[in-house]
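Hi,

Here is the structure I said I would pass on. Have a look at it first, and my notes on the ligand site, the pockets and the backbone follow below.

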Amino acid sequence: MRSKILKLLKEKTPAYVSGEEMAKMFAVSRTSIWKNIQSLKADGYLIEGSSRLGYRLAGIPDLLLPDEIAERLQTKVIASSPKKIHYYKQIDSTNNALKKMAENGAPEGTVVIAEEQTLGRGRLGRLWLSPFGKGICLSILLKPPLQPQDSPLFTLLAAVAVVKSIQHNLPHISVGIKWPNDLLINNRKVCGILTELKAEADLLHYLVMGIGLNANLREEDFAGELKNIATSLYLENNRRIVSRQKLTRSLLQEMENSYLRYVNNGPETVISEWKKFNITLGKNVTINTIQGHFTGCALAIDSDGALIVEDARGYKKRFQAGEVTLEKS
Ligand code: BT5
């Protein structure tokens with residue numbers, strides 16, 4: 001009902017629509033219309049009311065509201081209806097929330113979006129800075145026909161989708177992927193991806209793909225070490241605000257496109273697209289893992305997304321996870 005009312009107000013704006021007309025059209029009471037209008041207002045929609053003329057939409061908030069995001073999305077799986085998008089003004093972590101929903105049987109393509117995370121997570125317990133209304137923090141639930149050990153490929157798939165969504169909106173900005181989960185602009189991190197999964201032996205139950213993208217963060221949002229290593233699209237775009245709504249729609253659409261291509265054609269398309277945008281292969285790298293570190297040349301990517309590094313003596317090692325530092329050439 002809420003979505004229908006909003007759609008109608010959008011179609012009619014700047015004209016008014018009377019409460020009575022809407023009640024008739026949707027076969028509900030005027031009180032129900034009034035309640036839905038209050039709920040839209042509570043989310044930040046600017047709705048003017050006149051006892052004589054009815055209601056008129058005067059402004060849409062720059063928030064990642066499900067109605068705004070699902071609108072015009074052509075997806076069949078990911079966020080394919082406003083109901084599949086769970087929206088929070090503030091939450092601890094969208095990955096945490098989505099994992100709980102997955103345990104309770106949420107369908108594939110369910111998305112959790114938050115304006116702010118109080119405990120946004122990176123890998124290995126690290127934190128992800130997510131101030132209110134400035135970044136894009138979301139998680140996507142996928143249930144691909146995949147062996148658990150092939151899941152690193154999905155981090156690569158998501159990285160490609162985010163790069164493409166940035167290119168759609170800001171074609172002049174050059175974004176590179178540092179294996180496995182970092183997107184860099186001018187050597188600074190603009191996006192991180194956290195892929196988590198539930199699996200047993202060779203059966204994958206689900207993947208939770210968490211994406212944190214710095215859209216409109218300003219210099220003053222970054223403190224401490226982040227001042228030197230992080231950036232945002234705003235900062236790289238001559239301090240011009242980017243539309244978070246548009247960017248989020250592109251991101252979800254590109255995630256769906258890449259996902260369906262993977263399901264239909266296998267890993268090769270993901271790998272070949274990833275290679276186009278990567279800034280890792282051919283470079284000298286040091287890779288830190290819980291087992292220690294290894295230095296060499298990043299040679300290739302395996303079909304499961306693993307990185308193959310060759311050291312100076314020609315010894316090759318395969319990594320499914322790790323923290324890569326690109327050596328200055
Ligand atoms: C990541 O981890 O880069 C994965 C980040 C994933 C965040 C998303 S937001 C939605 C979803 N819900 C969650 O709770 N998480 C996901 P990692 O590679 O471990 O990098 C973490 C490191 O990045 C930190 O230790 C900082 O150095 C840096 N960092 C933290 N916040 C940042 C930010 N906003 N921009 C750039 N770098 C940041």
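The shell around the ligand is a mix: 12 of its residues are polar, 10 are nonpolar and 6 are charged. Before you go further, keep in mind that this is a predicted model. The shell holds 28 residues, and the ones that come nearest to the ligand are Ser 93, Arg 126, Lys 189, Asn 214 and Glu 225.

As for where the shell comes from, five elements each give at least two residues to it: the helices α5 (94–103) and α7 (226–229), and the strands β5 (136–142), β8 (188–200) and β9 (203–213). Of these, β8 gives the most, with 4 residues.

Here are some polar contacts you may want to look at. Glu 225 uses an N or O atom of its side chain, 2.7 Å from an oxygen atom of the ligand. Arg 123 has a polar backbone atom 2.8 Å from an oxygen atom of the ligand. With Thr 94 the side chain is involved again, with an N or O atom that lies 3.0 Å from a nitrogen atom of the ligand. How much of the ligand does the protein cover? On its own the ligand has 790 Å² of accessible area, and the protein covers 95% of that.

Now the pockets. The ligand takes up the space of the largest pocket, which has a volume of about 970 Å³. Its lining counts 43 residues, and Trp 128, Asp 182, Lys 189, Ile 229 and Glu 323 lie nearest the centre. Lys 189 is thus a name you will meet twice, once among the residues that come nearest to the ligand and once among those nearest the centre of this pocket.

The elements that each supply at least two residues of this lining are α5, β5, β7 (182–185), β8, β9, α7 and β14 (323–326). The largest share is that of β8, with 5 residues. By class, the lining of the largest pocket has 16 polar, 15 nonpolar and 12 charged residues.

The second largest pocket holds about 640 Å³ of space. It is lined by 25 residues, and Arg 123, Leu 124, Gln 320, Ala 321 and Gly 322 are the closest to its centre. Arg 123 is also the residue whose backbone makes the 2.8 Å contact with the ligand. Two or more residues of this lining come from each of α6 (152–169), β8 and β10 (284–289). Here too β8 has the largest share, again 5 residues. The classes in the second lining are 11 nonpolar, 10 polar and 4 charged.

Last, a few backbone points to check before you set anything up. Most peptide bonds are trans, and most residues other than glycine have a negative phi. Which peptide bonds are cis here? One joins Thr 13 and Pro 14, with omega at about 15 degrees, and Pro 14 sits in the loop between α1 (2–12) and α2 (19–26). Another runs from Trp 179 to Pro 180, with omega near -5 degrees; Pro 180 is found in the loop between β6 (176–178) and β7. Then there is Ala 27, which is not a glycine but has a positive phi of about 55 degrees. You will find Ala 27 in the loop between α2 and α3 (30–42).

Cheers

Key. Residues numbered from 1 in each chain as written. Predicted model: local features only at pLDDT ≥ 70, side-chain atom pairs only at ≥ 80, totals over all residues. Heavy atoms only, no water. Near = heavy atom within 4 Å. Polar contact = N/O pair within 3.5 Å; in protein donor to acceptor, adjacent residues only side chain to side chain. Areas by Shrake-Rupley, 256 points an atom, 1.4 Å probe, with all protein chains shown as cover. 1 Å grid on protein atoms, 1.4 Å probe; cavity = no way out; pocket = protein on both sides within 12 Å on 5 of 7 lines; lining within 4 Å. Sits in = over half its atoms within 2 Å of the grid points. Nonpolar A, V, L, I, M, F, W, Y, C, P; charged D, E, K, R; others polar. Points joined across faces, edges and corners; volume = space filled by probe spheres on them.
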